[in-house]
Amino acid sequence: MTALTFPQNHGPVNAVRTTTFADGTEDWDSQTQQPKTFPQEQLNALKPFAVCNASQYQATAIAYTDAGAFPGVNIELPGTGYSDGIHAEFFAVMNARAHGATKLNALDINSSPCGHCREFLSKPENGDLPIRYIDNTKAVKDSTLKTLLPDAFVLEGQGDLFSSKDSTYQPIVKRIHEINNIQAAVTLNTDTNYKGYCVEVASWNPSLTPAQDMLIKFYSDRGLDGLNALDIIKLNLTEEQGNSGISFKWNTMAIEEGLKQLKN
Ligand SMILES: [Zn+2]
């Protein structure tokens, strides 16, 4: 691993991998590509990028993957509910995914991951995923997903966020189409076309909606102040509804409205 891929507007790009000792060895786990020392400073440096007017809680996370380390912060959209927001862990993981990562090695989080995020990360082969976080006593805790989420609810064969065979989103979308009979995509038209898909995880819930996925891609590319440069915020939802009756219409409208309010 060489350079880390932190989008500039999301904090210090190369800050995570900093410690090199005099003998040339690095404070770096060669297997997970994660610093051996908990990157407290770097997680703190990401805090100002959180959008959290409602909770006033700045959550930050770093996902270590085969494509580098990627930051995430929480985003709450005004005028929407908490469930339409994006948690820092979702952001970090999908940020990595959007930049071509195919394997999640480890996660560092500035707080104990909520149940929502534990379930989001859950898939049968992910049990040993190393997760470090600041626990409720302010101590750094070294854990794994299966310790944090024993007896996870998993629907076999479902969404595989990180797998070498899923090098693009298409297989995920296709699988959802096959199982739940739905295909959905949300596009934000700017000079660059940002497209998000429904990303279904091993337990189906909490899945990311197409608008949430699009938003992560937009922010990870443009930075959290990227909205200010847009004249019109209009999300276009394309969905093919099957027998499941699932629709992302309301979620897309809510997120569009939230983005407009955020810009103003
Ligand atoms: Zn969470």
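Q: Is lysine 47 buried, exposed or partly exposed in this predicted model?
A: Let's count neighbours: lysine 47 has 17 other C-beta atoms within 10 Å. A buried residue needs 20 or more, and an exposed one has 12 or fewer. With 17, lysine 47 therefore counts as partly exposed.

Q: Which residues is lysine 47 in contact with, leaving aside its neighbours within four places in sequence?
A: Lysine 47 sits in the loop between α1 (40-46) and β3 (60-65). Its C-alpha atom is separated by 9.3 Å from that of asparagine 110, 63 residues apart along the chain. With neighbours within four places set aside, the contacts of lysine 47 are Gln58 and Thr60.

Q: What is the phi of glutamine 56, and where does this residue lie?
A: Glutamine 56 lies in the loop between α1 and β3. Most residues other than glycine have a negative phi. Glutamine 56 is not a glycine, yet its phi is positive, at about 60°.

Q: Is glutamine 56 buried or exposed?
A: The cut-off for an exposed residue is 12 or fewer other C-beta atoms within 10 Å. Glutamine 56 has 8, so it is exposed.

Q: Is lysine 138 buried or exposed?
A: Lysine 138 is found in the loop between β6 (130-134) and β7 (140-144). Although not a glycine, it has a positive phi of about 75°. Because lysine 138 has 7 C-beta neighbours inside 10 Å, it counts as exposed.

Q: Which strands stand at the edges of the open sheet?
A: The five strands of this open sheet follow the order β4-β3-β5-β6-β7, with mixed pairing. Each edge strand has a single partner, so one of its sides is left without a neighbour in the sheet. The edge strands are β4 (68-73) and β7.

Q: By how many degrees are neighbouring strands of this sheet turned against each other on average?
A: The sheet is an open one of five strands. With direction ignored, the average turn between its neighbouring strands is 20°.

Q: Which residue in β4 stands opposite alanine 61?
A: Strands β3 and β4 run antiparallel and are joined by six bridges. Across from alanine 61, in β4, is glycine 72.

Q: At what angle does helix α2 run to β4?
A: Helix α2 spans residues 88-98 and lies across β3, β4 and β5 (104-109). Its angle to β4 is about 145°.

Q: What pLDDT does the protein average?
A: Of the residues, 72% score at least 70. Over residues 1-20 the pLDDT is below 50, and it stays under 50 over residues 163-182. The protein averages a pLDDT of 76.

Methods:
Residues numbered from 1 in each chain as written. Predicted model: local features only at pLDDT ≥ 70, side-chain atom pairs only at ≥ 80, totals over all residues. Helix = DSSP H or I, 4+ residues; strand = E, 2+ residues; numbered from the N terminus. Contact = placed C-beta atoms within 7 Å. pLDDT = per-residue confidence, 0-100. Pairing = 2+ DSSP bridges. Axes fitted to C-alpha atoms, helices over the stretch in contact; angles between N-to-C directions.
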